[in-house]
Amino acid sequence: MKKAGIIAILCFFIVPAHTQSIDHYLTFAPQWVYVSNKDDLMSPMTYRGHHGALRTGYKRINKQGVVNEVYGAFALGSIKSDRYPDFDSRAISTFGEITYRHLQPVTDTLSGYPVNLKIGANWHNQVYAKDNLRFTNNAFLLDINSSIGLAARLAKDFTLFERKFGATADLSFALLNFIERPSYTRSTTELEISMNENLFVALANSESFETVDDYQQIMTDLNLVYYLKNGNALRLRYGWLFAHHRNVSEMYEASHAVSFSTLFKL
């Protein structure tokens with residue numbers, strides 16, 4: 001196993017990538033996530049905590065500069081309120097995410113600066129579960145959301161210490177949202193208690209369609225990429241997500257994520 005790991009690392013740094021007009025990348029990364037969550041269904045207090053996560057994805061760039069990328073992540077940790085430490089209320093917190101992004105190049109110069117601007121769409125999906133270890137009522141809460149919105153990216157390649165780097169800044173804002181949340185009258189989602197029905201019928205009956213008036217979501221990504229001579233790369237990423245839902249019961253969620261990943265060029 002140790003020998004196989006060394007061989008994989010050597011291949012990443014030494015094996016040259018194939019020359020092609022379309023670039024394909026695979027990425028794998030351990031990730032640290034810090035989550036702040038306030039959900040009136042569980043408690044009026046804000047819960048915060050650290051999570052360990054794994055993140056993977058695929059990125060495709062064609063010769064016109066059009067970007068298509070999809071990323072998935074799974075995180076597990078715990079959150080607790082720091083307002084009343086003696087109460088020791090703690091919840092197991094876990095979530096899974098899948099994000100697809102499509103970006104079209106707009107200009108190579110922005111306000112006189114040589115910065116690439118791309119604009120497109122972002123589709124973000126998340127399943128978030130919380131299980132409060134101290135409560136017996138509304139102890140387990142499950143949230144499902146799927147959001148479609150606008151996305152933009154600023155990108156700049158540069159040379160530092162005779163090494164090639166790249167920096168990108170992403171911003172997306174959700175416009176249309178499908179939300180699945182418990183209500184005051186039950187601790188589980190309607191989908192969970194409707195599983196005796198057809199799955200698609202249960203989904204249609206349990207989800208609510210929300211606009212920015214009732215559900216707001218903003219995502220940002222900052223990436224620093226170090227390009228290797230063989231076409232592969234290393235990437236340092238910081239991601240921030242903020243979501244607010246006020247229909248039936250109010251919920252706030254904010255997360256900070258840091259990862260260091262490989263980019264394998266196929």
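Helices (H or I, at least four residues) and strands (E, at least two) are DSSP runs, numbered from the N terminus. The model on screen is predicted: local features need pLDDT of at least 70 and side-chain atom pairs count only at pLDDT 80 or more, whereas totals for chains, interfaces and linings use all residues. Residues are numbered from 1 along each chain as its sequence is written, and side-chain values use heavy atoms, with hydrogens and water left out.

**The whole chain**

Begin with a cartoon view. The chain contains two helices and 11 strands, in the sequence order α-β-β-β-β-β-β-β-α-β-β-β-β. Buried residues (under 20% relative accessible area; exposed is over 50%, partly exposed in between; 1.4 Å probe, protein chains only) make up 42% of the 266 residues. The accessible surface, computed by the Shrake-Rupley method with a 1.4 Å probe and, for residues, with only the protein chains shown as cover, comes to about 14500 Å². Carbon and sulfur atoms account for 64% of that surface. Among contacts (heavy atoms within 4.5 Å) between residues at least 6 apart in sequence, 65% join residues at least 24 apart.

**Strand 1 and its partners**

Select strand 1, residues 23-39. Two strands pair if DSSP finds at least two bridges between them. Strand 1 runs antiparallel to strand 2, with 15 bridges, and antiparallel to strand 11, with 13 bridges. On the strand 2 side, Leu26 has Tyr58 as its bridge partner. On the strand 11 side, Gln31 stands opposite Ser259.

**The largest nonpolar core**

Next, show the side chains of Val33, Val35, Met42, Tyr47, Ile79, Phe95 and Tyr128. A nonpolar core is a set of buried Ala, Val, Leu, Ile, Met, Phe, Trp, Tyr and Cys residues joined through side-chain atoms within 4.5 Å. The largest one has 14 residues, and the seven just selected touch the most other members. Strand 1, strand 2 (47-61), strand 3 (67-80) and strand 4 each give two or more residues to this core. Centre the view on Ile79: beyond its neighbours within four places in sequence, its contacts include Val35, Tyr47, His51, Ala91, Tyr128 and Lys130. Apart from this core lies another, of five residues, among them Ile179, Tyr215, Met219 and Leu241.

**Strands 7, 9 and 10**

Move to strand 9. Strand 7 and strand 9 pair in the antiparallel sense over nine bridges; Leu171 has Thr220 in strand 9 as its bridge partner. Strand 9 is also joined to strand 10, again antiparallel, by 13 bridges, and here Met219 is partnered by Leu241 in strand 10. The hairpin of strand 9 and strand 10 has five residues between the strands; within this hairpin Gly231 takes a positive phi near 100 degrees.

**Salt bridges**

Now display the charged side chains. A salt bridge is a side-chain nitrogen of Lys or Arg within 4 Å of a carboxyl oxygen of Asp or Glu, and the structure holds 11 of them.

Select Asp170 and Arg101, whose side chains meet in a salt bridge at 3.7 Å, N to O. This pair links distant parts of the chain, with Asp170 in strand 7 and Arg101 in strand 4, 69 residues apart. Both Asp170 and Arg101 are buried.

Select Asp214 and Arg246 for a salt bridge at 3.5 Å, N to O. Asp214 lies in the loop between strand 8 (208-210) and strand 9 (215-227), and Arg246 in the loop between strand 10 (233-245) and strand 11 (251-265), so the pair ties together parts that are 32 residues apart in sequence. Arg246 is partly exposed, with a relative accessible area of 45%.

Select Arg237 and Asp221, whose closest N and O atoms are 3.0 Å apart in a salt bridge. Because Arg237 lies in strand 10 and Asp221 in strand 9, the pair ties together parts that are 16 residues apart in sequence. Arg237 and Asp221 are both buried. Elsewhere, salt bridges that share partners join Glu69, Arg101, Arg153 and Asp170 into one network.

**The nonpolar surface patch**

Finish on the surface with Trp123, which lies in strand 5 (residues 116-132). Trp123 counts as partly exposed because its relative accessibility is 41%. Patches are made of residues with over 30% relative accessible area and no salt bridge, like charges being joined within 9 Å and nonpolar side chains (Val, Leu, Ile, Met, Phe, Trp, Tyr) within 5 Å. Trp123 belongs to a nonpolar patch of about 1000 Å², whose members include Val70, Ile98, Tyr100, Ile148, Leu150, Phe173, Phe178 and Phe209. Strand 4 (90-107), strand 6 (140-160) and strand 7 (163-180) each give two or more residues to the patch. The largest share, four residues, comes from strand 7.
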